[in-house]
Amino acid sequence: MRRARKALAVTALAALGLTGVVAGPAAASADVLLPHPGPEGLVWVEERVGDGGVVTGGAWEELPTVLTVACEGGGSVRVTMESQQVEVSAFSVDCPAGAAGVGSVTMEAGVVRPGSFSVAVDASSESIRWALTVTQPE
């Protein structure tokens, strides 16, 4: 029932209420950059190239929100998340050539407000491939 109330949500990172930012290597470039997030997932962008992002709604403010971005291709991506038109997170992820870099941030419950939110990905090169997930673990 909680999942039905959450609907879809967009990944985003915020400097406000962050409990952790993690970065590190991931799978090789032939692999899926980020697997499907399962039942805790609000948003899964399987793979895109260059600049992009997502806008959605349905976050649950009583739960923490985790935004994870993986990328590869040589360069970096800048990720920003807004909730109700307020920036709640911003971070960068290095995108090595031939491997994947991963960045993740956990925002405390209440940082991402109910309603619409957006995640923007600004790639340093149009050849960088990236994926993202937004989850709300119970």
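Here are four short exercises on the structure above, each with a worked solution.

Before you start: this is a predicted model, where local features need pLDDT of at least 70, side-chain atom pairs count only at pLDDT 80 or more, and totals for chains, interfaces and linings use all residues. Residues are numbered from 1 along each chain as its sequence is written, and side-chain values use heavy atoms, with hydrogens and water left out.

**Exercise 1.** Find out which cysteines the disulfide joins, and whether C71 is buried or exposed.

*Solution.*
- Step 1: Start with the chemistry: a disulfide is a covalent bond between the sulfur atoms of two cysteines. Here the cut-off is a pair of cysteine sulfur atoms within 2.5 Å.
- Step 2: The structure holds one disulfide. C71 and C95 are its partners, with 2.0 Å from S to S.
- Step 3: Now place the pair: C71 sits in strand β4 (residues 65-72) and C95 in strand β6 (residues 86-95), so to speak distant parts of the chain, 24 residues apart. Strands are DSSP runs (E, at least two residues), numbered from the N terminus.
- Step 4: C71 is buried, at a relative accessible area of 0%, and C95 is buried too, at 1%. Buried means under 20% relative accessible area, exposed over 50%, and partly exposed in between (1.4 Å probe, protein chains only).

**Exercise 2.** Work out the strand order of the open sheet.

*Solution.*
- Step 1: Two strands pair if DSSP finds at least two bridges between them.
- Step 2: The order of the four strands is β3-β8-β5-β6, with antiparallel pairing.
- Step 3: At the edges you'll find β3 (52-57) and β6, each pairing on one side only.
- Step 4: Zoom in on β5 (residues 75-83) and β8 (residues 116-123): seven bridges hold this antiparallel pair. E82, for instance, has S118 in β8 as its bridge partner.

**Exercise 3.** Say what is unusual about phi at Q84 and Q85.

*Solution.*
- Step 1: Most residues other than glycine have a negative phi.
- Step 2: Q84 isn't a glycine, yet its phi is positive, about 55°. Q85 isn't one either, and its phi is about 65°.
- Step 3: Q84 is in the loop between β5 and β6, and Q85 lies in that loop as well.
- Step 4: Q84 is partly exposed at 39%, whereas Q85 is exposed at 76%.

**Exercise 4.** Which residues does T135 touch?

*Solution.*
- Step 1: T135 is in strand β9 (residues 129-135) and is buried, at 12% relative accessibility.
- Step 2: Leaving out residues up to four places away in sequence, T135 touches P37, E40, G41, L42, P64, T65 and V66 (contact means heavy atoms within 4.5 Å).
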